[in-house]
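Visitor: Hi! Could you walk me through this structure? I'd like to start with pockets and then move on to cysteines.
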Amino acid sequence: MSHPLFDISGRTALVTGSSRGIGLALARGLAEAGCTVVLNGRDAERLERAAAELPGDRVHVAAFDVTDGPSVAAGIADVEDRVGPLDILVNNAGMQLRAPLLEFTDSDWHRILNTNLTSAFLVGREAARRMTERGHGKIVNICSLQSEVARPGIAPYAATKGALKMLTKGMCADWGPHGVQVNGLGPGYIETELTRPLVQDEEFSAWVRRRTPAGRWGRTEDLVGGVLFLVSPAADFVSGQVLYVDGGMTSVL
Ligand code: NAP
């Protein structure tokens, strides 16, 4: 039997960007832990297919674009009406655009900022308006090892993830007094659609294995335990932290 400090059964959780990849794995983990789970993405059909893969009958979908303020406000209101008060929000939706900084276009800059950073502000604010009113809630922002370190060709991505780390601390400062804990989870190199070009590049892939003390790429399931901890009563006094789940990569040169 697991310790009661880790019991999150009966909670309601929204995971943004959960039609595939890390978000879907985190949603699956929350559902397996007994949560009612709401999947989000922009493609309603893909969301329905993803929901059908998850266990239990407490899985819902909410298709809205996390970069658009009015859609987010309507989306969160609709989720709370249809499913119930949100106890947990995982801000996971994100994207990568790889290009040398000198060639990076204005529109791509705004697109990646909107998707990786503004989305967490918009969805976080809308959820926290309700959570702070109720006096409790857990928010996890999916950061990255690039919240700490950069590589050539991904400066805008690193800028968004570094800023997301600081947004996490700012949310902790503003909403902590109202019973809402906000933390970040920073994945290392994880095999998903977002990293497919890197996984397929044998030279890069071998570099990741050499550079990671664990000696391998991460799997989406590797991230589940950290999120389950951060949204559980065991983490009621943990706020403003980023937990790196990266096989040790950020700790070594
Ligand atoms: P992914 O496989 O590309 O999945 C991204 C998800 O976000 C999809 O469900 C996508 O669905 C959704 N999404 C994208 N834009 C959206 C929008 N505007 N509104 C709503 N949903 C949107 O990515 P992933 O690898 O799982 O990454 C998930 C998160 O982990 C990201 O924040 C990423 O930066 C972070 N991360 C990943 C890695 C890694 O190695 N993979 C490492 C560190 C951090 P639709 O396209 O249907 O909307």
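Guide: Here is a short tour of the pockets and then the cysteines. This is a predicted model, where local features need pLDDT of at least 70, side-chain atom pairs count only at pLDDT 80 or more, and totals for chains, interfaces and linings use all residues. Residues are numbered from 1 along each chain as its sequence is written, and side-chain values use heavy atoms, leaving out hydrogens and water.

Visitor: What volume does the largest pocket have?
Guide: About 1,200 Å³. A pocket here is an open set of points on a 1 Å grid over the protein atoms alone, where a 1.4 Å probe fits, with protein on both sides within 12 Å along at least five of seven lines. The volume is the space filled by probe spheres set on the points, which are joined across faces, edges and corners.

Visitor: Which residues are closest to its centre?
Guide: Arg20, Gly94, Met95, Gln96 and Leu194, out of 45 that line the largest pocket; lining residues have an atom within 4 Å of a point.

Visitor: And the second largest pocket, what lines that?
Guide: Its volume is about 150 Å³, and the lining includes Tyr189, Trp207 and Arg211.

Visitor: Switching topic: how many disulfides are there?
Guide: Zero, counting a disulfide as a pair of cysteine sulfur atoms within 2.5 Å. Cys172, for example, is in no disulfide, and its nearest cysteine sulfur, that of Cys143, is 13 Å away.

Visitor: Is Cys35 buried or exposed?
Guide: Cys35 is buried (under 20% relative accessible area, with a 1.4 Å probe and protein chains only), at 2%.

Note on methods. Buried means under 20% relative accessible area, exposed over 50%, partly exposed in between (1.4 Å probe, protein chains only).
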